[in-house]
Amino acid sequence: MSGAPTGLNEVLQRTFSFPKRHFLSATDLNEVEVANLLDLADGFVSLNRQTSKKLDLLKGRTLMNLFFENSTRTQSSFELAGKRLGADVVNMSPRSSSISKGETLIDTAVTLNAMQPDLLVIRHSSSGAASLLSQKVGCSVINAGDGQHEHPTQALLDALSMRRAFGRIAGLKVAICGDVLHSRVARSNIALLQMLGAHVRLVGPPTLIPAAADRWNVEVFHDMRKGIAGCDVVMMLRLQLERMDGVMAPSQREYFRFFGLDREKLAHAAPGVRVMHPGPMNRGVEIDSDVADDLAVSLIQDQVEMGVAARMAVLTSLAARLDNER
């Protein structure tokens, strides 16, 4: 490709065919495949930092973003990833489409399938929506968050951020703190991080820790200071009040007092600790601005950057699988 950014050949050498037709769960990958995706994403990080970012790896492909829930970061990240790879990107607006008039998800799938997209990204409030859609379309489906189930590309970009910060993931102690019960990010991260050899802890009030957590091979803590003690990574989760049925947490002020991350609590973590948050953040509820904005410890902005690179890697490898199938 004439005028290609420096390092493109290295990226092309790392490209591989995705192991499955769809990316619905972190468990769709094994340890080797995750490592390959992270290597590929690493190459895209370097390319994205250059002046010339436009590639044609997905030239002629159509990427559709179908977001039934608001998500500025994830939708923008997929859109930017697709455009940088040269794909034609279409953002569907369910609230202004036939869906708002009573059309079912299956009807929508049939309609979209007739448009012959190659890659379809979906976010939906119902667990299993991405899997259902994948059974009704001929393109590759990427789960951008389904209910309280999973958000696999978030786990992938989080792993990329950790690996770049520490040079490894195996052996890291990672505390996932807050509203684990309603978090699809937590579920994908637990699966992926354990696959890569990290030790995972869950920290939060008993009402916000899933009853099944004792079967997830994780340590569970209900005391913030004890839970993050000696941890290399403290990953904070948003308190998802909109998903709570009844009172499951104290007032926001009380929640911050016991489970919000501030300097005093963070001092119990390991030296060199890094702080993460998938966003959007509730400042003063689950995390203090002083911690969130401290680039010496915070990887939050890094996570945003890694999101584009990780999703470029996923799109590229899924497209490679489609090429092989044809």
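## A glycine in a loop

At 22% relative accessibility, Gly279 is partly exposed. That class lies between buried (under 20% relative accessible area) and exposed (over 50%), with a 1.4 Å probe and protein chains only. Gly279 sits in the loop between β9 (274-276) and α11 (289-292). Helices (H or I, at least four residues) and strands (E, at least two) are DSSP runs, numbered from the N terminus. Gly279 and Leu58 are 221 residues apart in sequence. In space, their C-alpha atoms are 28 Å apart.

The model is predicted: local features need pLDDT of at least 70, side-chain atom pairs count only at pLDDT 80 or more, and totals for chains, interfaces and linings use all residues. Residues are numbered from 1 along each chain as its sequence is written, and side-chain values use heavy atoms, with hydrogens and water left out.

## Two domains

The protein chain is split into domain 1 (8-151 + 305-325) and domain 2 (152-302). These bounds come from an automatic or database domain assignment. Between the C-alpha centres of domain 1 and domain 2 the distance is 25 Å.

How many residues of domain 1 are in contact with domain 2? Domain 1 contributes 39 residues, and they meet 28 residues of domain 2. Contact here means heavy atoms within 4.5 Å. About 2700 Å² is buried between domain 1 and domain 2. Carbon and sulfur atoms give 60% of that area. Buried area is the accessible area (1.4 Å probe) that two parts lose on being put together, summed over both.

## The interface in detail

Across the interface of domain 1 and domain 2, 16 residue pairs are in polar contact, both residues at pLDDT 80 or more. A polar contact is a pair of N or O atoms within 3.5 Å; within protein, one must be able to donate a hydrogen and the other to accept it, and residues adjacent in sequence count only if both atoms are side-chain atoms. On the side of domain 1 that touches domain 2, five elements give two or more residues: α2 (31-48), α3 (72-84), β3 (119-124), β4 (140-146) and α12 (300-325). Helix α2 supplies the largest share, nine residues. By class, this side of domain 1 has 16 nonpolar, twelve polar and eleven charged residues. Ala, Val, Leu, Ile, Met, Phe, Trp, Tyr, Cys and Pro count as nonpolar; Asp, Glu, Lys and Arg as charged; the others, Gly among them, as polar.

Four salt bridges are counted between domain 1 and domain 2. The term requires a side-chain nitrogen of Lys or Arg within 4 Å of a carboxyl oxygen of Asp or Glu.

## Salt bridges

The structure holds 18 salt bridges. Side chains of opposite charge can pair when their charged atoms come close. Arg184 pairs with Glu69, with 2.9 Å between the closest N and O atoms. Asp39, Asp42, Arg163 and Arg164 are linked in a network of salt bridges.

Some pairs link distant parts of the chain. Glu305 and Arg49 meet in a salt bridge at 2.7 Å, N to O. Glu305 lies in helix α12, while Arg49 lies in the loop between α2 and β1 (62-67), 256 residues apart. Glu305 is partly exposed at 29% relative accessible area; Arg49 is exposed at 51%. The side chains of Arg263 and Asp294 also form a salt bridge, 2.7 Å from N to O. This pair joins helix α10 (residues 263-266), which holds Arg263, to the loop between α11 and α12, which holds Asp294, 31 residues apart. Arg263 is partly exposed at 36% relative accessibility.

Another pair lies within one helix. Arg257 and Glu254 are both in helix α9 (residues 252-259), three residues apart, about one turn of the helix. Their closest N and O atoms are 3.6 Å apart. Arg257 is exposed, at 51% relative accessible area. Glu254 is partly exposed, at 29%.

## Two buried residues

Is Asp118 buried or exposed? Asp118 is buried, with a relative accessible area of 7%. Asp118 belongs to the loop between α4 (105-114) and β3. The side chains of Asp118 and Arg61 share a polar contact of 3.2 Å. A polar atom of the Asp118 side chain also lies 2.8 Å from the backbone nitrogen of Thr62.

Thr153 is in helix α6 (residues 152-166). Thr153 is buried, with a relative accessible area of 1%. Its side chain makes a polar contact with that of Arg311, at 3.2 Å. Leaving out residues up to four places away in sequence, Thr153 touches Phe23, Phe78, Ile142, Arg311 and Val314.
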